[in-house]
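Colleague: I am new to this structure and would like a close look at a single part of it. Please choose one region and describe how its pieces fit together, beginning with how confident the prediction is.

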Amino acid sequence: MRELEERIKQEGIVREGNVLKVDSFLNHQCDVALYADMGDEWARRFSGRPVDKILTIEASGIGIACVAATRFNNTPVVFARKSQSINLDGEQYVARVHSYTHGNDNTVIVAKRFLNKGEHVLIIDDFLANGCALDGLIEICEQAGAIVEGIGIAVEKGFQPGGKRLREKGFDVQSLAIVKSMDAKTGKIEFE
């Protein structure tokens, strides 16, 4: 998706440790028009697939998933919470997820009443690097007996193993921008 790649080139900041900051338009300040274009592209790529729910993880994926849901007949969006809350009641699906960005492990939680056996799920998230968050979301779908129809990613770090590993497992991963390389010293970003 050229529009997203251009925004990353213009506004993305490369930091040491393979960190790509796109917080001016993607995951802190939100460019809703860009989100809508991303939703259109995922709708095109996943055309013909049944989608009963869109699943994401808090926090950065929520806005993107909600706007994308408008392109899938306003399909409900469910997000995995990263912490227990007094508002989370009833039975729950739980998975452990390692956060590359924060360098810690989280327990992610989805209330069982929001994800059901046989439902067709599209997973949407902002970044894919090692794929740990997606592993957790897939595990939750498996616990529920839900069918993962596909995985929509805004930005994939193609030089890290997550995308390749998930595709080898048979998942249809559709990333809108795949970063081939990036250099913290020069700020240069190349796409596949």
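**The sheet and what packs on it**

Modeller: This is a predicted model, and the mean pLDDT of its protein chain is 93, with 95% of the residues reaching 70 or more. Among the elements, strand S5 (residues 92–99) has the lowest mean pLDDT, 88, while S8 has the highest, 98. Strand S8 also belongs to the part I would choose, an open sheet of six strands in the order S4-S3-S7-S8-S9-S10, where the pairing is mixed. At its edges lie strand S4 (77–80) and strand S10 (189–191), each of which pairs on one side only. On average, and with direction ignored, neighbouring strands of this sheet are turned by 30° against each other.

Within the sheet, strand S8 (residues 147–157) and strand S9 (residues 173–182) run parallel and are joined by six bridges, and Ile151 stands opposite Val173 in S9. Helix H2 (residues 32–45) packs on the sheet, where it touches strand S7 (120–128), S8 and S9, and its direction makes about 115° with that of S9. Helix H4 (residues 132–144) packs on the sheet as well, touching strand S3 (53–57), S4, S7 and S8, with a direction at about 165° to that of S7.

Helix H4 has 13 residues and reaches 19 Å from its first C-alpha to its last, which is close to the 18 Å expected at 1.5 Å a residue. Its buried residues include Leu134, Leu137, Ile138 and Cys141. An α-helix has 3.6 residues a turn, so residues three or four places apart point the same way. After H4 comes Gly145, whose phi is positive, near 75°.

The buried side chains complete the picture. The largest nonpolar core has 34 residues, of which Leu4, Ile8, Leu20, Leu26, Met38, Trp42 and Val155 touch the most other members. At least two residues of this core come from each of helix H1 (2–11), H2, helix H3 (60–69), S7, S8, S9 and S10, and H2 gives the most, with six residues. Looking at Ile8 in particular, and leaving aside its neighbours within four places in sequence, one finds it in contact with Leu20, Val22, Phe25, Val155, Ala177, Ile189 and Phe191. There is also a second, separate core of 26 residues, which includes Val121, Leu128, Leu137 and Leu166.

Technical notes:
Residues numbered from 1 in each chain as written. Predicted model: local features only at pLDDT ≥ 70, side-chain atom pairs only at ≥ 80, totals over all residues. Heavy atoms only, no water. Pairing = 2+ DSSP bridges. Helix = DSSP H or I, 4+ residues; strand = E, 2+ residues; numbered from the N terminus. Axes fitted to C-alpha atoms, helices over the stretch in contact; angles between N-to-C directions. Contact = heavy atoms within 4.5 Å. pLDDT = per-residue confidence, 0-100. Expected span 1.5 Å × (residues − 1). Buried < 20%, exposed > 50% of the residue type's maximum accessible area, 1.4 Å probe, protein only. Core = buried A, V, L, I, M, F, W, Y, C linked by side-chain atoms within 4.5 Å.
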